[in-house]
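Subject: Structure handover

Hi,

Here is the structure I promised to pass on. Please open it first, then read my notes below.

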Amino acid sequence: MAQNPSSPVKPVVIGIYGIPGAGKTTLLNQLRIALGEGHFLYFEGSDEIGKLVCGGITSFQILDHKARHDFRELAISCIKDNCIAHGKTGVVTGHLMFWNEGKKSGSAVYTKSDLDTYTQILYLDVPAKEIVKRRLDDPGRDRSHVSVNHVQRWVEAEKRMLRDLCYRNNILFCAVTPSMIPKEVEHLLYDFNKHDEQHNLSNALNTLDSIPAIKSGTLGRMIVLDADRILTSQDTGDLFWKKISPLLEYGDGERPKTPVQVVFESPLGYRYDAFWQVTLLHEGRLRDDEYDSVCKDIASSVTLDGEFLNFLHLIVQQEHVTAVVVTCGLAQIWKYVLELEGLQEKITVIGGGRISDGFVVTAEVKGALVGHLKDKHHLEVCAFGNSLLDLVMLSRADKAIVVVGDEASKSNDGLKAKQCLRPSHVSPRLTTEVLPIIELMDPGFMDSLVSECGEATKLKVISADKLNPEAVKILMRPMRNANVQGPRLREAHIEEFAVPRPQGHNTTGYQLWGEDKILIVASMRGGEPMASGVNRAFGRAMFMHANQPIDLQHDHLEDRFAVILVDSVVNSGGTILDFVRHIRDLNKEVPVVVIAEVMQAECVSGGRLTAALAKYDHLQFITLRISENKYKGTGASDTRSRLFNTLHLT
């Protein structure tokens with residue numbers, strides 16, 4: 001889709017910050033060589049300012065404060081425009097403040113335009129002794145001597161200020177150490193260049209699709225579980241930060257907070273960018289091997305809830321049902337937890353924590369994963385959650401279980417679910433009338449999860465050929481005749497018969513109760529002729545065409561007594577399932593009757609989609625014939641092509 005030139009997409013512009021002597025220019029040159037200029041543009045901030053001032057940077061330094069501020073704003077605006085014009089990511093060296101030794105505080109030199117332009121900022125967190133040494137050893141720069149203590153104060157002040165500015169202005173911030181430069185910084189820039197919410201979701205869905213049990217095609221049901229405060233009463237994220245950072249952050253002089261809590265309590269909230277900010281915190285604190293070691297150590301200290309552990313071991317013994325752990329926390333910890341319990345081969349963990357994971361898990365991602373399991377893989381989903389971050393996931397699941405712990409949130413926002421008390425002595429989240437209580441290992445509940453999902457399930461189908469097979473043969477004769485097509489074939493679906501009375505005259509027969517409140521939906525193109533025949537019989541019913549489920553809007557279903565969905569042939573049932581799901585999203589209660597000329601037998605009983613359709617209440621099928629033939633018409637035998645004389649197109 002073409003972009004509106006008046007409101008171009010914000011380009012990715014990455015700032016490299018650090019006090020003079022930290023190595024910004026050196027890193028910029030290293031990145032230019034390593035990454036090339038195919039996707040990136042490189043800017044030395046001071047040089048860009050000098051290009052705009054008559055006399056260069058020397059003249060700039062003698063200007064008054066306002067003039068220097070205006071040129072700084074103009075320079076970053078030119079960099080932004082350059083990135084937009086070339087469609088590339090900008091990498092820019094910049095300064096936050098200057099601080100002469102002996103002064104009580106530094107002088108900030110950032111501008112509002114800087115905060116509006118940068119999407120990520122990397123801060124070179126170089127030890128003070130190293131910076132002092134570099135300043136003394138740099139023959140190309142005339143830099144004043146500064147003490148190690150002053151440099152240390154300067155660096156710490158810049159990190160605090162820059163982090164706060166980034167959190168308040170939706171800029172991702174990462175402090176990078178000399179051990180990360182330049183290789184790991186290259187990886188960060190590659191990721192910044194390509195990553196957005198759509199890319200993030202795509203990576204998460206690909207991970208879900210790669211689960212062996214899903215790829216096998218034998219599953220009928222998936223158990224989706226959050227991890228922290230559900231599988232254990234502990235919070236592994238808190239354990240992680242207490243392990244690596246005993247001196248925690250402090251917010252407004254109050255209780256100590258982990259760096260993650262500071263992020264989520266900032267204006268970033270629980271948005272996508274906040275979760276990536278947390279990932280950058282992990283990247284900035286630990287190298288990959290250190291991170292892995294800490295996660296393994298924490299996993300060994302996690303105590304799983306006994307009933308949930310038994311529950312998982314029972315689930316993994318089934319062929320048609322399995323579980324996946326979907327966590328907003330650190331995936332690596334939970335992979336090790338499952339490994340210690342011997343469950344890692346059967347239960348997949350979907351979560352983030354490192355750039356290399358490829359994605360972060362947000363509330364929206366959780367909901368999308370459940371929707372993907374239902375819509376693409378046609379699985380029944382039972383989800384366990386306990387927080388507002390789980391609400392979308394729980395709302396989209398077929399069965400939703402709210403796990404109530406000692407510090408449970410009290411909001412359920414109208415969610416239709418049940419609650420599981422863990423441990424069993426805690427108080428219910430809401431009244432049992434609102435959220436009925438279930439026992440995790442209750443035999444009836446377990447049976448509902450491990451029972452067969454497809455093979456023993458049948459749809460509610462009325463088949464005319466079972467009631468009066470000879471009559472159906474007569475009705476379907478023109479429909480099965482390959483020489484009948486076009487208008488004659490369409491008319492065969494809507495033929496009228498008068499009802500003779502004994503007195504010698506005809507009558508119109510019975511009228512459908514609530515006929516004016518019926519909605520007839522013709523699934524295009526194949527369902528249109530038969531739908532017209534149904535509409536001829538129920539002349540007062542509302543009639544509409546639908547190429548896809550989204551064509552049905554809330555207004556179409558409002559105050560409807562029932563929906564009659566008409567298609568010519570139902571093979572796998574996938575199209576019907578999409579329509580029924582959409583209808584149920586708009587109206588939970590309206591009865592749906594599917595009318596078809598032919599239904600394939602496997603769809604009626606035992607097919608992959610059978611269970612997905614059978615779970616819906618107030619859903620019934622009416623067909624002239626159930627066919628054992630799995631052949632799907634093509635060319636001259638394709639029903640839709642015969643109906644509309646488009647055989648030459650197929």
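Start with H378. With a relative accessibility of 18%, H378 counts as buried, because buried means under 20%. H378 sits in the loop between α17 (363-375) and β13 (380-385). Its backbone deserves a look too: H378 is not a glycine, yet has a positive phi of about 55 degrees.

Keep in mind that this is a predicted model.

Why is the sign of phi worth noting? Most residues other than glycine have a negative phi, and most peptide bonds are trans.

N170 also goes against that pattern. N170 is not a glycine, but its phi is positive, at about 60 degrees. Look for N170 in the loop between α7 (148-168) and β7. Is N170 buried or exposed? Neither: N170 counts as partly exposed, with 33% relative accessibility.

Next, a peptide bond. The one from I181 to P182 is cis, and its omega is near -5 degrees. P182 belongs to the loop between β7 (172-176) and α8 (183-194).

Now the sheet. Six strands make up an open sheet, and their pairing is parallel. The order is β16-β23-β22-β21-β19-β20. Which strands stand at the edges? They are β16 (461-463) and β20 (542-546). Each has a single partner strand, so one side of each lacks a neighbour in the sheet. On average, neighbouring strands here are turned by 20 degrees against each other, ignoring direction.

Zoom in on one pair. Strand β21 (residues 562-570) pairs with strand β22 (residues 592-600) in the parallel sense, over seven bridges. Take D567 as an example: its bridge partner in β22 is A596.

Two helices to find next. Helix α25 (residues 574-586) packs on the sheet and touches β19, β20, β21, β22 and β23. The direction of α25 makes about 165 degrees with that of β21. Helix α23 (residues 528-537) lies across β19 (518-523), β20, β21, β22 and β23 (619-627). Helix α23 runs at about 160 degrees to β19.

Last, the whole chain. How many helices and strands does the protein chain have? There are 28 helices and 23 strands. Of the 650 residues in the protein chain, 49% are buried. The chain exposes about 31,900 Å², with carbon and sulfur atoms supplying 51% of that. Consider the contacts between residues at least 6 apart in sequence: 71% of them join residues at least 24 apart.

Best wishes

Technical notes:
Residues numbered from 1 in each chain as written. Predicted model: local features only at pLDDT ≥ 70, side-chain atom pairs only at ≥ 80, totals over all residues. Heavy atoms only, no water. Pairing = 2+ DSSP bridges. Helix = DSSP H or I, 4+ residues; strand = E, 2+ residues; numbered from the N terminus. Axes fitted to C-alpha atoms, helices over the stretch in contact; angles between N-to-C directions. Contact = heavy atoms within 4.5 Å. Buried < 20%, exposed > 50% of the residue type's maximum accessible area, 1.4 Å probe, protein only. Areas by Shrake-Rupley, 256 points an atom, 1.4 Å probe, with all protein chains shown as cover.
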